[in-house]
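Dear colleague,

I am passing on the structure we spoke about, and my notes on it follow below. Please read them with the coordinates open beside you.

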Amino acid sequence: MMGFYVMPRIVRQLRPICFQLSVRYFSVTDQHKTRLAEVGKLELPKAQGKYETGQLFLHRVFGYRGVILFPWLARVYDRDLPAQNKSIQNETTAAAPAGGDSPTPPPNGTTKEVQKKTHTFYQVLIDQRDCPYIRAQTEAVTFLGNQESSRSLYAIPGLDYVAHEDILPYSSGEQHPLQHELFDKFLAHQPDKDPPFSAQDTLRAWQKKNHPWLELSDVHKETTEGIRVTVIPFYMGCRETPAASVYWWRYCIRLENLGELSVQLRERHWRIFSLSGTLETVRGRGVVGQEPVLSPRLPAFQYSSHVSLQAPSGHMWGTFRMEREDGHMFDCRIPPFSLESKPDDSGNSSDDSTSSSPNSSGSSPSSTTTSGGGSSSGGSGSTAGGSSSMEDLF
């Protein structure tokens, strides 16, 4: 078990009141021993503007320590917000799963207008000391392996995406305040700057080389009976096989309980629509081999998975079957989201090909058979039948 608490000390100055907070982080190693250590001073979160590269933070929901690498500006489609008039600058988009072409629309409606807003997210490193204790996969950012291995996936542990409002910034006088194998490769300590860590050329080169696979573009949100589901899809690239081209995506899902009663995820039900009209169904118990409980004390759970198609685009949507502590069962909607490919260096990712059922990523033993004989992977892992070296990313 781990967590943190803050000790407030109000400092009154001539300008408006500011709060200086000492942050103490604790970890429980067994029933009898608790280690308590001060890690820094909590700063006021920014209501406006962006955080800089090198900013240390605590995650508002999951509680882990991290450091910001660089920002992403994403389009957020929130189905809980009422659609604005189209004459207003905030755009709206129809949320039909396949632009109206799908033979089977999502169960939560095809014509609902969903407001689109831009929002800042951050690519971050997670302190590896905290990874065993957080309810979020810490190997959620996966990459395709070498070109010659069409089913190779590997991950960078401790890499995450965090929304601006989930950043609780803090400062530390330590030269190495975070434990991650990439911290010293990506960031240089400069004590005369604020924050005192700046990007090295290695970070800039890594970001440029892997931009297509790292880029966060779209975020989809929807709430059902107090359970908020957030989905972030990522295109991973295309791999050629003798039979067809296979397009890969990963998607990150966060569930958060906004209510006062505990809720447990029991089942998942996915619909996966491919460009040329194939519709697949995925059903199974839990997610990534778990049936997580979302309680008021631990209200959130986050995981990632993969899907592949023999077509350059598609859509996914579905439901999670939830059970509340009072026995009430209900279906929590997963907002529809697009699976869109991007042109690669060879310029062949936009060519249409024969649609197929989703293929297993090879990374997860919990792949689930679909109605069409294909499968969608159950979750990500650190290695997946291919190279686990990060040298390919530099």
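To begin with one acidic residue, D130 is buried, with a relative accessible area of 1%, and please bear in mind throughout that this is a predicted model. D130 forms a salt bridge with R65, in which the closest N and O atoms are 2.7 Å apart. Since D130 lies in the loop between β7 (113–126) and β8 (142–144) while R65 belongs to strand β5, the pair ties together parts that are 65 residues apart in sequence. R65 is buried as well, with a relative accessible area of 7%.

Strand β5 also carries R75, which forms a salt bridge with D218 of strand β14, and this pair links parts of the chain 143 residues apart. The closest N and O atoms of R75 and D218 are 2.7 Å apart. The two partners differ in exposure: R75 is partly exposed at a relative accessible area of 34%, whereas D218, at 19%, counts as buried because the cut-off for that class is under 20%. Leaving aside neighbours within four places in sequence, D218 is in contact with R75, Y77, V231, I232 and P233.

A further pair joins two loops. The side chains of R60 and D166 meet in a salt bridge (2.7 Å, N to O), and because R60 lies in the loop between β4 (56–59) and β5 and D166 in the loop between β10 (159–163) and β11 (167–171), parts that are 106 residues apart in sequence are tied together. Here R60 is partly exposed, with a relative accessible area of 42%, while D166 is buried at 3%. The count of salt bridges comes to 19, and R266, E267, R285, E291 and E323 are linked in a network of them.

Turning to the nonpolar interior, the largest core has 34 residues, and those with the most contacts inside it are L214 and L216. The largest share of this core, 6 residues, comes from strand β5 (residues 65–78). A second, separate core of 30 residues includes V229, L265, M316 and I334.

L214 is also one of the buried residues of helix α2, the others being L203, W206 and N210. Not counting residues up to four places away in sequence, L214 touches a set of residues that includes F70 and W72, along with V141, F143, W206 and F234. Helix α2 itself (residues 201–214) bends by about 45° at K208, and a proline, P212, follows within four residues.

With best regards

Note on methods
Residues numbered from 1 in each chain as written. Predicted model: local features only at pLDDT ≥ 70, side-chain atom pairs only at ≥ 80, totals over all residues. Heavy atoms only, no water. Bend = angle between axes of the 7 residues up to and from the residue. Buried < 20%, exposed > 50% of the residue type's maximum accessible area, 1.4 Å probe, protein only. Core = buried A, V, L, I, M, F, W, Y, C linked by side-chain atoms within 4.5 Å. Contact = heavy atoms within 4.5 Å. Salt bridge = Lys/Arg side-chain N within 4 Å of Asp/Glu carboxyl O.
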